[in-house]
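Colleague: Please take me closely through one part of this model, starting from a ligand site and working outwards to the sheet. I should like each term defined as it arises.

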Amino acid sequence: MKKTPFISPLAWFEEMIDHCYDYAETAHVKGAPIVGIMCEYTPREIIMAAGGIPVCLCGGSAQRISSAEKHLPANLCPLIKSTFGYHLEKANPFLEWADLLVAETTCDGKKKMYELLAETRPMHVLELPQKVDDPDAFEHWVCELRKLRDFLEKRYRTRVTAARLRRAIATMNRERRLRRELAALLQADAPPLTGRQLLDLKSIISGIPADLEQYGMILKWLRSRPESPALRSRVRVLLTGVPVVHGAERVVDLIEKHGGLVVAMENCTGLRPLVDDVDPRASDPLRALAQKYFHLPCSVMTPNRRRLDLIRRLAADYRADCVVDLIWQACLTYDVESARVKRLAEEELKLPFLRIETDYSPSDSARLVVRLEALFETIRRSRR
Ligand code: SF4
Ligand code: SF4
C-alpha cells in the first residue's frame, strides 16, 4: 500500500496569500466590502462588525519600489514605497477589490502617501493622537473610533451594534491568544520551530475561520514534537523595530542562516499587537477597543516607555542573548528611538546590541552577514 506523503501542518500558511484571495473573492462576490488597512492602530474589529473584510495592504516587495520612486522621494521607507508601488501598478488584487481604505496619522511618510492614494481611492483617515499618557488624547481617540463606526454605518447602511462588536472582539482575541501561544513556543531552549517559521504563521486577513482552526492544530502538533537539538546551540535574538511584512523577511533569513534564532519579535508583525487583548466584558466595547489600540507601543507615540517595557519583558521571557534593532531606511521615529533601545540593551539588560538599517534590496546582504556573524561569534565566545 502506498504511504500518504507527510504534509506539515505549517504548509497551510505557506499558501496564505492564496487562502486570503479565495476568502476575499468569495466575500466580495457575496457583497461584503473589502476594506484595506495599513497599520496596527486600525481596529479590525470595527470593520468586521460593519460586515467588512479588513485586509492588510502593507507592501513587502522590492520590485514595486522603482515605480513608486517616480512619484515619491527615493529616501523614504521601503514599506511606504512598496505599498504605493502596488497602487500605481495596480498589482495588488486586494487593493483593487478594496471598496475603502482606512488609514491613520502615524509617521509623516505614510500620512502624506495616503493623500496621494486618496486622489483616486476612497479613504477614511483616523487621526491618532500621539501623547499616549494624556487623558485628553485618549478621549480624542475614542472620538475618532466613533467617527469611524458612524462612517462605516452610513457607507454600508448597517448598524455596528455592541453585540456585533463583541463578536468581532471575541474572534480577534482568539486569534491573538493562539498566535501568542505559538510565539511562546520559542521560549524553550530547543524550540520546535524557528522564528522565520513563526513569522509565516499569520495572515493579511485576520479572523478567517479556517486559519483559526489551523493555528490550533499547528499548536497541538508543535507541542507534541520532540525538541530540536540543532536550535539549542543557536544565538537567541530578540528582534526589535520596524514591521517585517510579507515578502520583506530577508533580515530574519540572514539571522537564522548564520547562527542566530529569532526567539521573539517585538515589532508589529510580531508580538507588539498581540500582547494585549480587548476586554470582552467591557460595558462599552468601542471604548475597550480604543483602550487596547491606543496603547500599542509604536515609535510614533511620545513618550514611548511602554515599548521599552515590552522589550524588557520579552528579553527576560525569551532569554535573549542579544538585541537586533531593525530600521527601514528613512524611518525616523524608529531610528531616533534606536538610541534608547541600545541603552536599554547594553546598560540595563547587559545584552549586546546591533542596529541594522536597510531597505528591501539585497545589495547589502553580504555586509549584514559579516556584522551578524561577528556579533554571534562574540556571544558564543563569551558563552565558552
Ligand atoms: S510600526 Fe507603527 S505605524 Fe507601523 S504598523 Fe506598527 S503601529 Fe502602525
Ligand atoms: S517603518 Fe517607519 S517610516 Fe516605515 S511606515 Fe512604519 S513607521 Fe513609517
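Modeller: Ligand 2 is surrounded by C77, L79, I80, T106, C107, G109, K110, V242, W328, C331, T333 and Y334; a residue counts as near when its C-beta atom, placed from the backbone, lies within 6 Å. This is a predicted model, in which local features need pLDDT of at least 70 and side-chain atom pairs count only at pLDDT 80 or more, while totals for chains, interfaces and linings use all residues. Residues are numbered from 1 along each chain as its sequence is written, and chains are lettered from A and ligands numbered from 1 in the order in which they are written.

The shell around ligand 2 comprises eight nonpolar, three polar and one charged residues. Here Ala, Val, Leu, Ile, Met, Phe, Trp, Tyr, Cys and Pro are nonpolar, Asp, Glu, Lys and Arg charged, and the others, Gly among them, polar. Helices α5 (78-89), α7 (108-117) and α16 (332-348) each contribute at least two residues to this shell; helices (H or I, at least four residues) and strands (E, at least two) are DSSP runs, numbered from the N terminus.

T106 and C107 also belong to the surroundings of ligand 1, whose shell further includes C39, E40, Y41 and C268. By class, the shell of ligand 1 has eight nonpolar, one polar and one charged residues.

We turn now to the sheet. Four strands form an open, parallel sheet in the order β2-β1-β3-β4, where pairing requires at least two DSSP bridges between two strands. Its edge strands are β2 and β4 (123-126), each pairing on one side only. From one strand to the next the twist averages 25 degrees; axes are lines fitted to C-alpha atoms, for helices over the stretch in contact, and angles run from 0 to 180 degrees between N-to-C directions.

Strand β1 (residues 34-37) pairs with β2 over four bridges and with β3 (residues 100-104) over three. Within β1, G36 stands opposite V55 in β2 and has L101 as its bridge partner in β3. Helix α8 (residues 135-155) packs on the sheet, touching β3 and β4, and its direction makes about 165 degrees with that of β4; contact means C-beta atoms, placed from the backbone, within 7 Å.

In β2 (residues 53-56), I53 and V55 on one side and P54 and C56 on the other are all buried, that is, 20 or more other C-beta atoms lie within 10 Å of their own, each placed from the backbone (12 or fewer would be exposed, and values in between partly exposed).

Technical notes
Contact = placed C-beta atoms within 7 Å.
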